[in-house]
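Trainee: Hey, got a minute? I've just opened a new structure and I'd like to walk through its charged residues with you.

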Amino acid sequence: EHFSRHVCGAELNYAVGMARLGNNVSYISKVGIDPFGRCIVNFLKENNIHEQYVWTDDDHMTGFQMKEKVVEGDPFVANIRKHTAFSHFQPADLAGIDWVGVDHLHVTGIPLALSESCRETIYTLMMRAHSKG
């Protein structure tokens with residue numbers, strides 16, 4: 001009947017940690033123009049993470065996960081990610097990235113499983129980072 005909203009995930013947890021250590025951190029993603037997307041962008045700002053590479057998608061919602069709170073055992077988890085903004089990430093979305101001063105790119109395997117276009121975008125991102133040294 002009730003839920004608490006938290007912004008988290010492997011990539012974001014890493015970004016927060018790196019920002020807290022004093023690093024200059026940018027986050028690359030795609031969100032919907034909905035309350036969850038606005039919450040993520042605000043969270044990034046509050047944690048000193050640059051959000052200039054978080055694009056919005058007018059046609060698809062922000063993905064999210066719901067996890068039951070349990071006293072013992074594994075909670076039921078529902079991932080709402082199919083047909084979301086990030087699953088529609090395209091290589092063309094990466095065009096405006098400024099690579100000056102970038103010395104590290106952190107990715108996880110999750111985006112590779114969301115969709116073909118998302119997988120292609122992450123591959124393109126890694127290849128561009130590699131070509132920039």
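Trainee: Is Asp 34 buried or exposed, and which side chain of opposite charge is nearest?

Mentor: This is a predicted model, so keep that in mind. In it, Asp 34 is buried, and the nearest side chain of opposite charge is Arg 38, 6.4 Å away. A salt bridge needs the two atoms within 4 Å, so Asp 34 has no salt bridge.

Trainee: Okay, so what does the side chain of Asp 34 reach?

Mentor: Two backbone nitrogens: that of Phe 36 at 3.1 Å and that of Thr 62 at 2.8 Å. Leaving aside residues up to four places away in sequence, Asp 34 touches Met 61 and Thr 62.

Trainee: And where does Asp 34 lie?

Mentor: In the loop between strand 1 (25-32) and helix 2 (35-46).

Trainee: Switching topic: how many salt bridges are there?

Mentor: The count comes to 2. In one of them, Asp 93 pairs with Lys 30, with the closest N and O atoms 2.9 Å apart. Asp 93 is in the loop between strand 4 (77-80) and helix 3 (110-114) and Lys 30 is in strand 1, so the pair ties together parts 63 residues apart in sequence.

Trainee: Are those two buried or exposed?

Mentor: Asp 93 counts as buried at 19% relative accessibility, and Lys 30 is buried at 11%.

Trainee: What about Arg 119, which residue is its partner?

Mentor: Glu 116, with the closest N and O atoms 2.7 Å apart. Both sit in helix 4 (residues 116-131), 3 residues apart, so about one helical turn separates them. Arg 119 is partly exposed at 33%, while Glu 116 is exposed at 52%.

Note on methods:
Residues numbered from 1 in each chain as written. Predicted model: local features only at pLDDT ≥ 70, side-chain atom pairs only at ≥ 80, totals over all residues. Heavy atoms only, no water. Helix = DSSP H or I, 4+ residues; strand = E, 2+ residues; numbered from the N terminus. Buried < 20%, exposed > 50% of the residue type's maximum accessible area, 1.4 Å probe, protein only. Lys, Arg positive; Asp, Glu negative; His and termini not counted. Polar contact = N/O pair within 3.5 Å; in protein donor to acceptor, adjacent residues only side chain to side chain. Contact = heavy atoms within 4.5 Å.
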